[in-house]
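Trainee: I'd like to learn how to read a model like this one. Can you walk me through it, feature by feature?

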Amino acid sequence: MEYEITGGSFPMVVCTLKEGETMKNETGAMAYMTSGMNMETNTGGGLMKGLGRALSGDTVFLNFFTAENDNEQIGFSACTPGKIMDIKLDGTNTIIGQKNAFLAAENDVDVDIYFKKSLGAGIFGGEGFVLQKFSGEGMVFLEIDGEVIEKDLAEGEKLLLDPGHIAAMEETVDFDIEMVKGAKNILFGEGLYFTKITGPGKVWIQTMPISKLAEALIPFMPQENHY
């Protein structure tokens, strides 16, 4: 499989497949395909696995696209302005992604739900408690809100982030929730809690979570008049 990411701030990944190669995606992300692509829709591993993905924000069903000839193409487009991040999985590296991160992947990539068992993350980490896990072998493409910044954390190195800004991380990275200290900081500062991540491993930070973009647009939305 060969691919190209195009489209700038409104990106699309275009995959060129050889005969018999298969790509899978969540329903609704396919933008176009050539006529020699065969599509099948199923849960990708049973009903429980499909329901698990639904808990992390994705759809119950996946679409599977198989090339019937060489050089067939299929394009997957992001649903929000930002980036498409391409990650190669080799069977030894596992990636944990935010809710709704999954765009598309090769057939041998496993897409599953990921629960953080930490009490702090479970109680306070509304945006981070239920995540997505990507393992296996092949390319996986993730949607990123805004631009993406990559940090390579050393053993024991820590970062504090607003929860919505974490796009993805390697499974070796630990994360939990840290409460903001001080009443004034809570009332007038950045909020009730931070997400604390600890190395080693890579972390991908997104610059404009779609939730923040939506909040910024609210004052400019037409208000309904009531008479």
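Mentor: We'll go through a sheet, an aromatic pair, a polar contact and a loop residue. This is a predicted model, where local features need pLDDT of at least 70 and side-chain atom pairs count only at pLDDT 80 or more, while totals for chains, interfaces and linings use all residues. Residues are numbered from 1 along each chain as its sequence is written, and side-chain values use heavy atoms, with hydrogens and water left out.

Trainee: Sheets, then. What is the strand order in the open sheet of three strands?

Mentor: Strands of a sheet pair through backbone hydrogen bonds, either parallel or antiparallel. Here, strands are DSSP runs of E with at least two residues, numbered from the N terminus, and two of them pair if DSSP finds at least two bridges between them. The order in this open sheet is S14-S17-S16, with antiparallel pairing. S14 (158-161) and S16 (174-179) are the edge strands with a single partner each, so one side of each has no neighbour in the sheet.

Trainee: How many bridges join S16 and S17?

Mentor: Six, in the antiparallel sense, with S17 covering residues 193-198. Phe 175, for instance, has Ile 197 in S17 as its bridge partner.

Trainee: How many aromatic pairs does the whole structure hold?

Mentor: Rings of Phe, Tyr and Trp (its six-membered ring) pair if their centres lie within 6.5 Å; planes under 30 degrees apart are stacked, over 60 edge-to-face, and the rest tilted. The search finds three such pairs. One of them is Tyr 3 with Phe 141, edge-to-face at 5.0 Å centre to centre and 70° between the planes. Tyr 3 sits in strand S1 (residues 2-6) and Phe 141 in strand S12 (residues 130-145), so the pair ties together parts 138 residues apart in sequence.

Trainee: Is Phe 141 buried or exposed?

Mentor: Buried means under 20% relative accessible area, exposed over 50%, and partly exposed in between (1.4 Å probe, protein chains only). Phe 141 is buried, at 0%, while Tyr 3 is partly exposed, at 32%.

Trainee: Which side chain shares a polar contact with Thr 16?

Mentor: A polar contact is a pair of N or O atoms within 3.5 Å; within protein, one must be able to donate a hydrogen and the other to accept it, and residues adjacent in sequence count only if both atoms are side-chain atoms. For Thr 16, in strand S2 (residues 12-17), the partner is Gln 73, at 3.1 Å.

Trainee: And where is Asp 108?

Mentor: In the loop between strand S10 (102-106) and strand S11 (109-115). Asp 108 is exposed, because its relative accessibility is 59%.

Methods. Helices (H or I, at least four residues) and strands (E, at least two) are DSSP runs, numbered from the N terminus.
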